[in-house]
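Subject: Structure handover and findings

Hello,

Here is the structure for you to look over. Please keep it open while reading the notes below.

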Amino acid sequence: MLKSEMLKKLERINDLPTLPAIAMEVNRMLQNDDVSIDSLCEVIEKDQAIVTKLLKLSNSAFFGLRFKVKNVREAAMLLGFSTVRNVVVSVSVIKSFCGIKSIEGLNIEDFWKHSISVAIIGKELAKQSELAQPDEAFLGGLLHDIGKIVMIQHFQEEFKDVWERLQVSNELFFQAEEDRQIAGHALIGGILAQKWKLPELMVHAIRYHEKPSVSCSDYNLVLIVHMANMLANALQTDGKVNKKFLVSIHKDAIAKMKPQTSNINSWYPSIRAEINEACEFFMEGR
């Protein structure tokens with residue numbers, strides 16, 4: 001099935017993954033600059049599972065707050081509305097996809113571990129470079145490959161074709177998609193993010209994470225998610241480096257984050273523990 005046919009089918013699919021109502025409502029509310037902290041907290045507190053996750057994360061080393069957060073209101077005041085929204089969306093997305101089965105080419109647990117690794121690396125790159133908000137880089141990293149989930153649900157034949165091609169070539173996933181002339185996971189993920197009514201900068205971070213475009217609403221955020229994805233793929237758990245990802249990093253990402261990438265050996269080892277902690281946190285109870 002070619003790209004145009006896949007996009008037409010995508011428009012007709014009625015059971016695309018949806019965010020839980022609470023995440024949709026929180027996201028909708030925060031499109032309004034006049035939303036009150038009381039109304040936001042009232043909505044979040046309807047889901048005690050999310051409240052528990054939010055408070056646990058707020059009090060972890062992940063944010064490094066000096067004060068113990070005791071309720072949603074304190075979390076919103078100390079972390080900010082945007083960060084709270086991103087935590088709610090992150091928890092909701094992983095919870096929504098917990099029933100997805102692994103297929104050949106995609107182990108769902110490895111998928112989330114990679115996504116969380118990209119989120120953590122992206123957050124660190126944003127923090128060090130000050131090119132984007134760390135919490136936006138985290139969410140963009142977490143959701144960057146979400147289109148692959150849609151592919152294994154609704155375009156399994158196309159996904160398997162790409163996977164089989166990767167077994168006999170040295171291409172990256174998105175390059176194999178382009179060679180097959182199909183709608184890639186980045187495009188599909190961007191469309192899904194639009195349907196979820198996520199902010200435009202987040203839609204673009206997902207849509208263009210493989211091939212950054214200067215036309216994006218936040219080009220620096222896209223470059224950070226792109227760089228984080230390439231680094232997460234290149235820096236393998238066995239300590240080896242997969243150079244095919246490093247040579248595919250966009251030149252603008254290299255230029256803007258040269259201090260961070262040239263000094264990676266000084267900071268990457270220290271965030272491995274944070275990656276493991278985040279994996280345990282977000283995947284707990286899956």
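The notes below go through the pocket, the core, an enclosed helix and some single residues.

Please bear in mind that this is a predicted model.

Pocket

The largest pocket has a volume of about 1,100 Å³. Its lining is made up of 34 residues, and those nearest the centre are D110, H114, A232, N233 and F245. By type, the lining splits into 15 nonpolar, 11 polar and 8 charged residues. Six helices each supply at least two residues of that lining: α7 (108-129), α10 (156-166), α11 (173-179), α14 (219-234), α15 (243-246) and α18 (264-283).

Nonpolar core

In soluble globular proteins, nonpolar side chains tend to be buried together. The largest nonpolar core in this model has 106 residues, and the members that touch the most others are I44, V93, W112, I121, L125 and F282. Helix α14 gives the most to this core, with 11 residues. L125 can serve as an example of such a member. Beyond four places in sequence, L125 is in contact with E130, I224, M227, A228, L231, M257, Q260 and W267.

Helix α8 and R85

Which residues of α8 are buried? They are D135, E136, A137, F138, L139, G140, G141, L142 and L143. The helix covers residues 134-143, and because 9 of its 10 residues are buried, it is largely enclosed by the rest of the structure. The packing partners of these buried residues are α6 (81-96), α7, α9, α13 (200-207), α14 and α18.

One of the charged residues in α8, E136, has a side-chain polar contact of 3.3 Å with the side chain of R85. R85 is in helix α6. Its relative accessibility is 7%, so R85 counts as buried, the cut-off being under 20%. Apart from neighbours within four places in sequence, R85 is in contact with V26, N27, L30, E136 and P199.

F155

F155 sits in the loop between α9 (146-154) and α10. Is this loop residue buried or exposed? F155 has a relative accessible area of 0%, so it is buried. Not counting residues up to four places away in sequence, F155 touches M1, M6, K9, L10, I13, V150 and I188. One of these, L10, is 145 residues from F155 in sequence, while the C-alpha atoms of the two are 9.5 Å apart.

E171

The loop between α10 and α11 holds E171. E171 has 14% relative accessibility and therefore counts as buried. Which side chains make polar contacts with that of E171? One is the side chain of R165, at 2.8 Å. Another is the side chain of S169, at 3.2 Å. With neighbours within four places in sequence left aside, E171 is in contact with R165, L166, A176, D179 and K244.

Backbone angles to check

Two loop residues may be of interest for their phi angles. Q181 is not a glycine, yet has a positive phi of about 55 degrees. Q181 lies in the loop between α11 and α12 (185-195). With a relative accessible area of 52%, Q181 is exposed. K197 is also not a glycine, and its phi is positive at about 60 degrees. K197 lies in the loop between α12 and α13. K197 has a relative accessible area of 58% and is exposed.

A49

Last comes a residue in helix α4 (residues 48-58), namely A49. A49 has a relative accessible area of 41%, so it is partly exposed; that class lies between the 20% and 50% cut-offs. A49 and A253 are 204 residues apart along the chain, and their C-alpha atoms are separated by 37 Å.

In short

The pocket of about 1,100 Å³ and the core of 106 residues are the places to begin. Helix α14 takes part in both, supplying at least two residues of the pocket lining and 11 residues of the core. For the buried loop positions, look at F155 and E171; for the positive phi values, look at Q181 and K197.

Regards

Terms used:
Residues numbered from 1 in each chain as written. Predicted model: local features only at pLDDT ≥ 70, side-chain atom pairs only at ≥ 80, totals over all residues. Heavy atoms only, no water. 1 Å grid on protein atoms, 1.4 Å probe; cavity = no way out; pocket = protein on both sides within 12 Å on 5 of 7 lines; lining within 4 Å. Points joined across faces, edges and corners; volume = space filled by probe spheres on them. Helix = DSSP H or I, 4+ residues; strand = E, 2+ residues; numbered from the N terminus. Nonpolar A, V, L, I, M, F, W, Y, C, P; charged D, E, K, R; others polar. Buried < 20%, exposed > 50% of the residue type's maximum accessible area, 1.4 Å probe, protein only. Contact = heavy atoms within 4.5 Å. Polar contact = N/O pair within 3.5 Å; in protein donor to acceptor, adjacent residues only side chain to side chain. Core = buried A, V, L, I, M, F, W, Y, C linked by side-chain atoms within 4.5 Å.
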